Amino acid sequence: MPVSKDSGRAGNQLLAALPAEEYQRLVPYLEKVELNNHQVLYNPNELIEFVYFPTQGVVSLLYAMEDGSTVEVGIVGAEGMVGIPVILGGMKTTNLALVQVAGYGMRLKASLLKSEFERGGVLQTLLLRYSQALLSFVSQTAACNRLHTLEERLSRWLLLVQHRLQSDELPLTQEYISQMLGTRRSGVTVAAGTLQQAGIISYKRGKINILNQENLEATACECYQVIQSEFARLLNLEQG
């Protein structure tokens, strides 16, 4: 729901990277909004009316199957934008954008972003590079889901969420994690239990605390570093 107009860049790294002139053209149309837990920002095959630049919280990009099962293919936090199909020539997509962790963001009408994008400039360059980074993320996730163990995938996923929240405390239930990873809850319970026994994480009442960052990175598959490196290469952003 709308909160207020905000002329500040409010923590989103793409907006912060814009030259003052380009950013000021967007200011009258940017609106600060609250992103509520499990809020749907757009549904599959639905016309995308707004794009979102998160400043706090995490948004998951999901694919849903006919039987209702879901799997996450991408994560967006303060490093990015939700609604990339708008600048790629299509105003719809087959995935679902769902707020995974509540927070805030800057909302902009999709038509306005498209017009500004078509002017060229730094905004166009940034969003094209971000699109490439996100595509690499999606591709790496597909490979990861097929080739790596659940323990490795869980470790990779926790690290990616941690970077976007900038916090070692993650408000996530095992049931929700299983939906994101496209696996059974029992499998997540076993993998999380292994990490907890190793002193890498602790889990209690819907909250996961990362206790040992170094060991979590060592447990994660190579996909974590590949994703991190690609975001850094393309955008020179700290988060991946």
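Which residue stands opposite Asn209 in β9? In this predicted model, the residue facing Asn209 of β9 is Glu169. Let's start from that strand and work outwards.

## Strand β9 and its partners

Strand β9 covers residues 207-210, and its side chains alternate between two faces. Ile208 and Ile210 point to one face and are buried, whereas Lys207 and Asn209 point to the other and are not buried. This fits a familiar pattern: in a regular strand the side chains alternate between the two faces of the sheet.

Strand β9 pairs with β7 (residues 169-170) in the antiparallel sense, over two bridges. Strand β8 (residues 201-204) also runs antiparallel to β9, and four bridges join them. One pair to look for here is Lys204 with its bridge partner in β9, Lys207. The hairpin of β8 and β9 has two residues between the strands, and within this hairpin Arg205 takes a positive phi near 50 degrees.

## The largest nonpolar core

How many residues make up the largest nonpolar core? The core has 73 residues, and those with the most contacts inside it are Phe53, Leu113, Trp157 and Leu158. Strand β4 (residues 50-64) gives the most to this core, contributing eight residues. As a general point, nonpolar side chains tend to be buried together in soluble globular proteins.

Phe53 is a good residue to click on. Setting aside neighbours within four places in sequence, Phe53 is in contact with Asn12, Leu14, Leu15, Gly80, Met81, Gly105, Met106, Leu108 and Leu113. Leu113 thus appears both in that list and among the core residues with the most contacts.

## Helix α6

Helix α6 (residues 174-181) is mostly covered, with six of its eight residues buried. The buried residues are Gln174, Tyr176, Ile177, Ser178, Met180 and Leu181. Just after α6 comes Gly182, which takes a positive phi of about 65 degrees.

## Helices α4 and α9

Now to a helix pair. The axes of α4 (residues 121-147) and α9 (residues 223-235) come within 9 Å and cross at roughly 170 degrees. Angles over 145 degrees count as roughly antiparallel, and α4 and α9 are therefore roughly antiparallel to each other.

On the α4 side, the contact is made by Leu126, Arg129, Tyr130, Gln132, Ala133, Leu134, Ser136, Phe137, Gln140 and Cys144. On the α9 side, Cys223, Val226, Ile227, Glu230, Phe231, Arg233, Leu234 and Leu235 take part. The residues of this contact divide into 12 nonpolar, three polar and three charged.

Methods. Residues numbered from 1 in each chain as written. Predicted model: local features only at pLDDT ≥ 70, side-chain atom pairs only at ≥ 80, totals over all residues. Heavy atoms only, no water. Buried < 20%, exposed > 50% of the residue type's maximum accessible area, 1.4 Å probe, protein only. Pairing = 2+ DSSP bridges. Core = buried A, V, L, I, M, F, W, Y, C linked by side-chain atoms within 4.5 Å. Contact = heavy atoms within 4.5 Å. Axes fitted to C-alpha atoms, helices over the stretch in contact; angles between N-to-C directions. Parallel < 35°, antiparallel > 145°, perpendicular 65-115°, else oblique. Nonpolar A, V, L, I, M, F, W, Y, C, P; charged D, E, K, R; others polar.
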